[in-house]
Number of protein chains: 2
Amino acid sequence: MSDLLPSWRDTATKSAIVDFVASVTTGDGTLPPDERVAVFDNDGTLWTEKPMPTQLHFIVMRWAAAAAADPSLADRQPYKAAVTNDLAWLGKAIEKHYDGDDSDLHTMIGAILATTAGESVEEYQAAVTGFYRDAKHLTLGRSYAGAVYKPMIELLRFLEANGFTCYIVSGGDRDFMRPMSHDYYGIPPERVVGSAVGLSFDETANEVRYGNAFSFMDDGPEKPVRIWSRVGRRPALAVGNSNGDMQMLGYASGLGMLVHHDDDTGRGDEPYDAGAERALAAASGNDWTIVSVRDDWSQIFPQPQAADA
Amino acid sequence: MSDLLPSWRDTATKSAIVDFVASVTTGDGTLPPDERVAVFDNDGTLWTEKPMPTQLHFIVMRWAAAAAADPSLADRQPYKAAVTNDLAWLGKAIEKHYDGDDSDLHTMIGAILATTAGESVEEYQAAVTGFYRDAKHLTLGRSYAGAVYKPMIELLRFLEANGFTCYIVSGGDRDFMRPMSHDYYGIPPERVVGSAVGLSFDETANEVRYGNAFSFMDDGPEKPVRIWSRVGRRPALAVGNSNGDMQMLGYASGLGMLVHHDDDTGRGDEPYDAGAERALAAASGNDWTIVSVRDDWSQIFPQPQAADA
């Protein structure tokens with residue numbers, strides 16, 4: 001079965017995965033298939049989140065389009081940053097948040113909500129589908145389908161071959177992930193758990209539409225809450241890469257894994273610990289298995305496709 | 001394939017079901033299996049909701065147990081009604097609500113939330129599992145497993161045999177349905193959509209716990225919202241039995257069905273239109289198929305099991 005993991009080097013990490021799966025399928029700790037639930041963070045776990053999360057790329061394009069349609073927006077942030085390609089402004093808004101100043105972050109959040117307020121979920125789905133069809137990853141220069149981590153795709157299939165059901169549980173927007181989750185990961189929309197804008201039903205048009213406020217942010221302690229709400233079980237296996245995944249890893253009854261972005265060999269995955277410091281520090285005390293991008297993965301991304309040439 | 005529906009009489013209703021399924025699987029309107037999503041209301045659709053919804057039976061037992069543990073509660077409503085078996089008080093609280101007086105309903109809702117506030121989802125799951133093991137339906141005198149509608153169980157299996165995925169979408173409490181949904185209906189917990197109390201994660205105990213307020217009531221216009229949130233698709237087929245199912249039936253892209261409780265032949269299903277008047281009146285204008293309990297079902301409930309003797 002471990003030949004389903006060709007991009008994983010023969011390290012202790014791969015052994016930990018294979019041994020855990022063997023223990024719940026045939027060993028002493030056998031779990032019935034119904035209880036073989038695996039949950040995966042998305043950004044930084046299933047695909048790269050550098051140089052910026054894919055969703056932010058899409059949002060910046062939507063802000064630029066909004067400013068093109070309504071030039072009065074072009075002098076206001078964050079539309080100005082989008083139009084002038086001043087991505088540093090966005091980074092600074094996040095930095096100011098960590099320094100206790102949420103003013104720019106609130107401006108950003110308001111503009112994020114404004115992009116979908118009143119839009120039907122199916123209109124949004126069509127717009128997101130078009131983005132995945134046309135957009136290129138900013139540094140890899142290929143479609144986002146090629147920005148997924150090949151070893152993680154193999155892990156999804158390996159788990160499924162052993163009776164697991166895999167879910168995405170991400171801080172990203174649920175409905176931004178759904179249009180690609182089946183094609184990129186083999187995970188259908190009903191198994192995509194993420195943050196959500198509040199919805200309401202427009203009876204006249206017979207459409208579900210986004211409101212103007214978030215319903216919840218699926219991060220940190222909210223992840224176990226959303227897993228229960230959507231799945232109704234405690235997961236057996238959880239994989240993440242950041243501080244916001246700690247509670248989800250702790251909630252799993254079996255194996256917890258943390259992807260560590262430590263590859264400095266120029267294979268296209270940017271090395272960083274920012275946002276993962278607490279999780280990495282807590283890993284050994286919690287028996288979480290660290291996945292070293294540098295040491296455990298022989299290949300990071302899929303081969304480029306003809307369409308990427 | 002229609003031999004999978006032995007409790008359905010050979011009527012126009014059965015033909016409408018069989019023809020619809022044929023049309024999306026082999027006919028002109030073929031839907032890929034991913035899009036063959038069917039949603040079912042629960043109370044009054046998949047099982048009887050008379051003489052009271054199963055969940056209310058459970059709640060009354062919990063109120064009585066709470067009053068036994070804390071006798072100071074026994075003089076207060078709704079605990080008093082539970083202890084004295086004054087179920088009429090509960091009915092009157094609902095009637096007063098329709099007359100514009102919500103005082104008793106608010107008392108009831110507060111007491112419903114009090115039964116789970118601070119409880120972990122797994123503690124509640126164990127309590128509900130015990131109820132299903134021990135409780136008897138109040139008029140059928142058998143376990144609640146025997147209070148399901150046999151023709152609807154056959155319909156679930158018929159749809160699955162044709163590539164459909166079936167979900168419960170009920171106004172009832174999601175976590176009250178999950179412990180029986182697989183055994184009674186063959187529907188796993190991740191495909192149970194219902195009303196929900198707000199949850200939070202208790203990091204110290206590593207448990208998800210109920211709060212003291214509802215997160216949402218999954219009824220009427222909220223049903224399409226919850227279907228999108230959980231499934232991420234518009235259903236092809238929807239089945240309900242009350243006014244609260246109208247929006248869900250309208251949201252379905254294909255067949256909408258409404259169970260009409262019109263059986264006056266003494267086979268154990270109480271005839272009633274209350275709560276379904278608007279839905280029944282709207283059926284023909286919306287091309288919803290009416291399922292007549294009297295005329296379309298040759299058998300209503302499963303044969304009693306030895307355990308029911």
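Mentor: Contact means heavy atoms within 4.5 Å, and by that rule 31 residues of chain A are in contact with 32 residues of chain B in this predicted model.

Trainee: What makes the figure of about 2,800 Å² the area buried between chain A and chain B?

Mentor: Buried area is the accessible area that two parts lose on being put together, summed over both, so the value of about 2,800 Å² belongs to chain A and chain B taken as a pair. Carbon and sulfur atoms give 50% of that area. On the side of chain A, the residues A:Phe201, A:Trp228 and A:Arg234 supply 22% of what the chain buries against chain B, which is more than any other three residues.

Trainee: Why is the meeting of A:Glu122 and B:Arg234 called a salt bridge?

Mentor: The rule asks for a side-chain nitrogen of Lys or Arg within 4 Å of a carboxyl oxygen of Asp or Glu. The side chains here belong to an Arg and a Glu, and the N to O distance is 3.1 Å, so the pair satisfies the rule and is called a salt bridge. Across the interface of chain A and chain B, four salt bridges are found, while the count of residue pairs in polar contact is 17.

Trainee: Which element gives the most to the side of chain A that touches chain B, and how do the residues of that side divide?

Mentor: Helix H9 of chain A gives the most, with six residues. The residues of that side divide into twelve nonpolar, eight polar and eleven charged.

Trainee: Why is H2(A) called roughly perpendicular to H5(A)?

Mentor: Helix H2 (residues 54–69) and helix H5 (residues 103–116) of chain A pack at an angle of about 75 degrees, with their axes 10 Å apart. Angles of 65 to 115 degrees count as roughly perpendicular, and since about 75 degrees falls in that range, H2(A) is roughly perpendicular to H5(A). The contact is made by A:Leu56, A:Ile59, A:Arg62 and A:Trp63 of H2(A), together with A:Met108, A:Ala111, A:Ile112, A:Thr115 and A:Thr116 of H5(A).

Trainee: How do you know into which classes the residues of the contact of H2(A) with H5(A) divide?

Mentor: Leu, Ile, Trp, Met and Ala count as nonpolar and Arg as charged, with Thr falling among the others as polar, so the residues of the contact divide into six nonpolar, two polar and one charged.

Trainee: What joins A:Lys50 and A:Pro51, and where is A:Pro51 placed?

Mentor: A cis peptide bond joins A:Lys50 and A:Pro51, with omega about 0 degrees, and A:Pro51 has its place in the loop between strand S1 (37–40) and H2 of chain A.

Key. Residues numbered from 1 in each chain as written. Chains lettered and ligands numbered in written order. Predicted model: local features only at pLDDT ≥ 70, side-chain atom pairs only at ≥ 80, totals over all residues. Heavy atoms only, no water. Axes fitted to C-alpha atoms, helices over the stretch in contact; angles between N-to-C directions. Helix = DSSP H or I, 4+ residues; strand = E, 2+ residues; numbered from the N terminus. Parallel < 35°, antiparallel > 145°, perpendicular 65-115°, else oblique. Buried area = accessible area lost by both parts, 1.4 Å probe. Polar contact = N/O pair within 3.5 Å; in protein donor to acceptor, adjacent residues only side chain to side chain.
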